[in-house]
Amino acid sequence: MKMVRPVISRKVGYKPEVSYFKPRGIPMLDLTEVHLTVDEREAIRLADLQGLSHEEGGELMEVSRATFGRILRNARKVIADAIINGKAINIEGGNYEIVIKPRIFMCNTCNHEWEESPGTGRPEECPSCHDDDITRK
């Protein structure tokens, strides 16, 4: 009997309200639907929107770099299928846990620290001195 490793719950730091996309001008009755899991959407957000490496994304989702890469590869395939073949994308399910941690940034010029809301992306500049030399703590 083959032993199967348990699936670890992936950590997701952002859950937007929008969970369905469809091509414009095509009635729902005529559409085929593909499914993107919540953890796959999180991998897309971390890698493609925030520009994180597989290692950084894996750390945030609390999975290995290789697992993050597999999640991301599958998510991109689902999205490509929908875009190329005109399918609707339903985002739901998956093995995940919502964990929203405070996002604290620091300006390397004036040492100002501040918190940003989850899902807003990386700030462009320090709110105090307006320099762009900032890091996340």
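Let's start with Asn111, which is exposed, with a relative accessible area of 53%. Here, exposed means over 50% relative accessible area, buried means under 20%, and partly exposed lies in between, using a 1.4 Å probe and protein chains only. You'll find Asn111 in the loop between β6 and β7. Its phi is near 65 degrees, a positive value in a residue other than glycine. Most residues other than glycine have a negative phi, and most peptide bonds are trans. His130 also has a positive phi, near 70 degrees, and sits in the loop between β7 and β8.

A quick word on where this comes from: this is a predicted model, in which local features need pLDDT of at least 70, side-chain atom pairs count only at pLDDT 80 or more, and totals for chains, interfaces and linings use all residues. Residues are numbered from 1 along each chain as its sequence is written, and side-chain values use heavy atoms, with hydrogens and water left out.

And the element names: helices (H or I, at least four residues) and strands (E, at least two) are DSSP runs, numbered from the N terminus.

Now stay with the loop between β7 and β8, because Glu124 has its place there too. Is Glu124 buried or exposed? It is exposed, at a relative accessible area of 71%. Leaving aside neighbours within four places in sequence, Glu124 is in contact with Asp132 and Ile134, where contact means heavy atoms within 4.5 Å. From Glu124 to Ile134 it is 10 residues in sequence and 8.3 Å in space, C-alpha to C-alpha.Ile134 takes us to a sheet. In β8, Ile134 is the bridge partner of Cys107. Strand β6, residues 103-107, runs antiparallel to β8, and 3 bridges join the two. For two strands to count as paired, DSSP has to find at least two bridges between them. What is the order of strands in this open sheet? The order is β7-β6-β8, 3 strands with antiparallel pairing. At the edges are β7 (113-116) and β8 (134-136), each pairing on one side only. On average, neighbouring strands here are turned by 30 degrees against each other, direction ignored. As for the angles in this talk, axes are lines fitted to C-alpha atoms, for helices over the stretch in contact, and angles run from 0 to 180 degrees between N-to-C directions.

On to another open sheet, again of 3 strands, with the order β2-β4-β3 and mixed pairing. Here β2 (20-21) and β3 stand at the edges with a single partner strand each, so one side of each has no neighbour in the sheet. If you're wondering what holds strands together, they pair through backbone hydrogen bonds, either parallel or antiparallel. Strand β3 (residues 33-36) and strand β4 (residues 88-91) pair in the parallel sense over 4 bridges. Two residues of β3 to look for are Val34, whose bridge partner in β4 is Ile89, and Leu36, whose partner in β4 is Ile91.

Which residues of β3 are on the covered face? They are Val34 and Leu36, while Glu33 and His35 make up the uncovered face. In a regular strand the side chains alternate between the two faces of the sheet.

Now for the helices. Lying across β3 and β4 is α1, which runs at about 75 degrees to β3. Helix α3 lies across β3 and β4 as well, at about 160 degrees to β3.

How do the helices meet one another? The axes of α1 (residues 38-49) and α2 come within 10 Å and cross at roughly 135 degrees. That makes α1 oblique to α2; the cut-offs are under 35 degrees for roughly parallel, over 145 for roughly antiparallel, 65 to 115 for roughly perpendicular, and oblique for the rest. In this contact, Asp39, Glu42, Ala43 and Leu46 of α1 meet Gly57, Leu60 and Met61 of α2. By class, that is 4 nonpolar, 1 polar and 2 charged residues. Ala, Val, Leu, Ile, Met, Phe, Trp, Tyr, Cys and Pro count as nonpolar, Asp, Glu, Lys and Arg as charged, and the others, Gly among them, as polar.

Last stop: α2 (residues 54-61) and α3 (residues 65-85) have axes that come within 8 Å and cross at roughly 95 degrees. So α2 is roughly perpendicular to α3. From α2, the contact involves His54, Glu55, Gly57, Gly58 and Met61, and from α3, Arg65, Phe68, Gly69, Ile71 and Leu72. These residues divide into 4 nonpolar, 4 polar and 2 charged.
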